[in-house]
Every structure is written in C-alpha cells, then in structure tokens.
Amino acid sequence: MRDALADRILVLGATGFFGRSVAHGIVDAGYQLRVLARNQASAAAFRVRGAEVLQGDATDPAALAQACTGCAAVISLVAVRCNRPQTFLEVNIEAPRLLGEAAKGAGVTRVVFVSQIGATPDARLKYLASRWAGEQALQRTGIPYTILRFSYLLADDGGITGYFERSVSYGPFAIIPGDGQQHSQPLVREEAARCVIASISRGDLYGQTLDLGGPEVLSYEQLFEFFAAARGITKPRLKIPKPLLQPVVGVVGAVMSNPIITVDELTTLGAEAIAGNLDAVLTNFEFRPSSPSAWAQTHWRSRRTA
C-alpha cells in the first residue's frame with residue numbers, strides 16, 4: 001500500500017489548458033493530488049476527485065512554501081504567453097526560482113518543470129527567452145529537476161485549436177501569418193501529460209532537459225489545413241508577411257484585453273519548434289504517440305466553422 005504522504009504530488013497550473021489533463025492524470029495514476037489555485041472554484045473538479053485544493057498564487061513565496069510542505073514532487077506548468085497583466089519576469093522567470101527555493105526548503109525530492117521547445121537566450125524572442133531564463137533560475141536553486149519541453153499540444157479545444165477557431169471567426173479570409181512554413185512537432189495533449197506523469201518516478205531523468213515532439217514534422221500551414229478540412233472551412237487563405245501584420249497586431253493588442261495574437265506571439269510563431277528526434281517520446285517513455293494528421297481528422301470535426 002502506498003504511503004499517501006510520500007506520494008502526494010503538487011501541481012502548479014492545474015486549471016490551465018495543459019494542467020487539467022496532467023492533474024486528472026495524477027489522480028488516475030493513484031497519486032494524492034494537491035493543487036495550488038488562485039481561484040478555488042476553478043479547481044472544483046479536482047476537489048470532487050479527492051484532491052486537496054489550496055488557494056494561492058505560484059508567484060507568492062509563502063503560498064509556495066505551504067503548498068510544497070509534505071509533497072514528494074512538484075509539477076510546474078505555470079507560464080504566461082503574453083507580457084500582461086502578469087509579466088514574463090514575474091511568472092516565467094521569477095516563479096521558477098521561488099518554486100525551487102520553496103521545494104528545496106520543504107524537502108521535495110524533485111520538480112518536473114514543463115517548458116517550451118525553442119527556449120533560448122535570444123532576447124528578440126521575448127517569450128522563449130523568458131522560458132529559458134526560468135529553466136536556468138530553477139536549476140540554480142539546486143532542486144533535483146527534470147525539464148520537459150513541448151511543441152504545440154493538440155486537443156479538441158483550447159491551445160492551437162482555440163487560436164485557429166478565433167483566426168477564422170473574423171472577416172472574409174483565413175489569415176496565415178508569413179509564409180506558413182515554420183515547423184513544429186505537435187503532440188496530443190493527453191499523451192504529453194502521460195510523459196509528465198511518468199517523469200515523477202523516473203530517477204534516470206534527473207538533471208535532464210528533454211525536447212519532446214510528436215511523430216510528424218508539420219508546417220503551420222499544414223496544421224491549419226488539417227483543422228480547416230475537419231471543420232469544413234471554405235474561407236480563402238490569405239498569407240500576410242509578418243512585418244505587415246506587426247503594426248496591425250500591435251494596435252489591436254493595445255485596445256483588446258484578449259487579442260487573437262500579440263506582437264511577441266507573432267514573432268515566436270516564426271521560430272522552429274522541432275524536437276529533432278521523431279522518436280523522442282518512444283525512446284524516453286516507451287510508447288508511440290498518435291499521428292497528428294490522423295488525430296485531427298476525427299478530433300477537430302466536433303464543430304463546423306463557416
């Protein structure tokens with residue numbers, strides 16, 4: 001019989017797009033789940049399943065110290081893709097440092113930190129630079145860690161699906177930023193969550209940073225066309241060079257609280273998000289992930305968009 005204290009896992013970012021899948025998977029795997037959430041109501045689904053829900057923010061040292069106490073491991077999926085209302089510095093860089101310090105002080109045995117393929121110190125890519133800096137900040141605390149970097153995560157809704165839905169909801173054209181040839185290795189969200197959960201007990205992954213992608217390298221345009229075909233979208237495509245889009249995106253971003261895309265996201269969109277090894281998941285976690293091209297045909301067919 002498992003010792004509940006030894007198997008208690010704290011998940012940060014559990015109410016987010018990826019975090020929901022990871023947190024439910026933790027319970028399914030037989031662990032005791034603890035969640036730190038700013039809004040307890042948003043974590044009600046976990047409480048129903050027996051999870052302990054603490055109220056607090058992942059940028060608050062006191063809340064982190066309380067949440068880490070009595071946990072064997074922490075999974076962090078906390079990050080922001082826009083530099084407002086919370087900033088990259090607060091969430092993507094400082095929060096990992098605070099987590100590492102809190103976890104170390106509480107005797108946590110390891111942190112599984114979810115990051116982004118393409119994380120880089122290149123200051124021109126603000127989001128990706130902040131993810132790289134957050135990785136470095138966590139490592140400097142000395143907490144045992146495993147860093148898992150992912151490309152696009154595919155789901156029936158949310159993530160890149162939500163972006164595609166919004167991008168075809170306005171105007172007579174479906175706009176493709178740039179030439180649409182930037183590449184990624186999409187992975188189905190639930191399969192990415194499987195990798196995260198498996199990492200908890202994998203001592204051989206201590207101190208490693210893994211780039212994990214799906215079994216296909218796809219361009220942005222190809223991925224969009226999978227979505228369009230599944231949803232029956234007939235709008236003509238319009239490719240607009242990113243330098244021409246940037247002023248418009250900047251203006252829209254200044255007046256909308258939740259714009260379709262920000263200037264930094266537009267810049268990040270041009271970066272390649274490739275793990276390199278098509279068998280990275282199979283090699284490290286011994287299962288073969290789903291083919292995105294096959295997955296999209298059924299999972300993106302749920303709603304029709306004109």
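# Exercises on pockets, pairs and loops

The second largest pocket holds about 340 Å³ of space. Keep in mind as you work that this is a predicted model.

## Exercise 1: The second largest pocket

Work out which elements and which kinds of residue line the second largest pocket.

**Solution.**

Step 1. Begin with the lining, which is made up of 14 residues. Those nearest the centre of the pocket are Ile175, Leu245, Val249, Ile260 and Ile261.

Step 2. Now assign elements. Two or more lining residues of this pocket come from each of helix 6 (159–167), strand 8 (174–177) and helix 9 (242–255). Helix 9 contributes the most, with four residues.

Step 3. Sort the lining by class: 13 residues are nonpolar, one is polar and none is charged.

## Exercise 2: A nonpolar patch on the surface

Stay with helix 9 and decide how valine 252, which is found there, stands towards the surface: buried, partly exposed or exposed?

**Solution.**

Step 1. The relative accessible area of valine 252 is 30%. Buried would need under 20% and exposed over 50%, so valine 252 is partly exposed.

Step 2. Look for its companions. Val248, Val252, Val255 and Met256 make up a nonpolar surface patch. Together these residues have about 330 Å² of accessible area.

## Exercise 3: The enclosed space

Find how many cavities of 30 Å³ or more the structure holds, and describe the lining of the largest cavity.

**Solution.**

Step 1. A useful idea to start from: rolling a probe the size of a water molecule over the atoms shows where empty space is left.

Step 2. The count is one cavity of 30 Å³ or more. The largest cavity contains about 50 Å³ of space.

Step 3. Its lining consists of Leu12, Ala58, Ser76, Val78, Val91, Ala95, Pro96, Leu99 and Phe113. Helix 4 (residues 88–106) supplies the largest share of this lining, four residues.

Step 4. By class, eight lining residues of the largest cavity are nonpolar, one is polar and none is charged.

## Exercise 4: Three salt bridges side by side

Take the pairs arginine 124 with aspartate 122, arginine 149 with glutamate 135, and glutamate 165 with arginine 231. For each, give the N to O distance and say what is known about burial.

**Solution.**

Step 1. For context, the whole structure has 15 salt bridges.

Step 2. In the pair of arginine 124 and aspartate 122, the N to O distance is 2.7 Å. Arginine 124 counts as exposed because its relative accessibility is 67%, while aspartate 122, at 23%, counts as partly exposed.

Step 3. Arginine 149 and glutamate 135 have their closest N and O atoms 2.7 Å apart. This pair links distant parts of the chain, with arginine 149 in strand 6 (residues 145–150) and glutamate 135 in helix 5 (residues 126–140), 14 residues apart. Arginine 149 has 14% relative accessibility and therefore counts as buried. Glutamate 135 is likewise buried, at 1%.

Step 4. Glutamate 165 and arginine 231 meet with an N to O distance of 3.1 Å. Glutamate 165 belongs to helix 6 and arginine 231 to helix 8 (residues 220–231), so this salt bridge ties together parts 66 residues apart in sequence. Arginine 231 counts as buried, at 1% relative accessibility.

Step 5. Finish with a network: Glu94, Arg97 and Glu101 are joined into one by salt bridges that share partners.

## Exercise 5: Three residues in loops

Place phenylalanine 17, asparagine 39 and glutamate 286 between their neighbouring elements, and classify the accessibility of each.

**Solution.**

Step 1. Phenylalanine 17 sits in the loop between strand 1 (8–12) and helix 1 (19–28). With 22% relative accessibility, phenylalanine 17 counts as partly exposed. Its C-alpha atom is 9.4 Å from that of leucine 153, although the two residues are 136 residues apart along the chain.

Step 2. Asparagine 39 is in the loop between strand 2 (32–37) and helix 2 (44–48). At 43% relative accessibility, asparagine 39 is partly exposed. Asparagine 39 and leucine 98 are 59 residues apart in sequence, with 20 Å between their C-alpha atoms.

Step 3. Glutamate 286 occupies the loop between helix 11 (280–285) and helix 12 (292–299). Glutamate 286 counts as exposed because its relative accessibility is 71%. One backbone detail is worth a look: glutamate 286 has a positive phi of about 60°, although it is not a glycine.

Technical notes:
Residues numbered from 1 in each chain as written. Predicted model: local features only at pLDDT ≥ 70, side-chain atom pairs only at ≥ 80, totals over all residues. Heavy atoms only, no water. Buried < 20%, exposed > 50% of the residue type's maximum accessible area, 1.4 Å probe, protein only. 1 Å grid on protein atoms, 1.4 Å probe; cavity = no way out; pocket = protein on both sides within 12 Å on 5 of 7 lines; lining within 4 Å. Points joined across faces, edges and corners; volume = space filled by probe spheres on them. Nonpolar A, V, L, I, M, F, W, Y, C, P; charged D, E, K, R; others polar. Patch = residues over 30% accessible without salt bridge, like charges linked within 9 Å, V, L, I, M, F, W, Y side chains within 5 Å. Areas by Shrake-Rupley, 256 points an atom, 1.4 Å probe, with all protein chains shown as cover. Salt bridge = Lys/Arg side-chain N within 4 Å of Asp/Glu carboxyl O.
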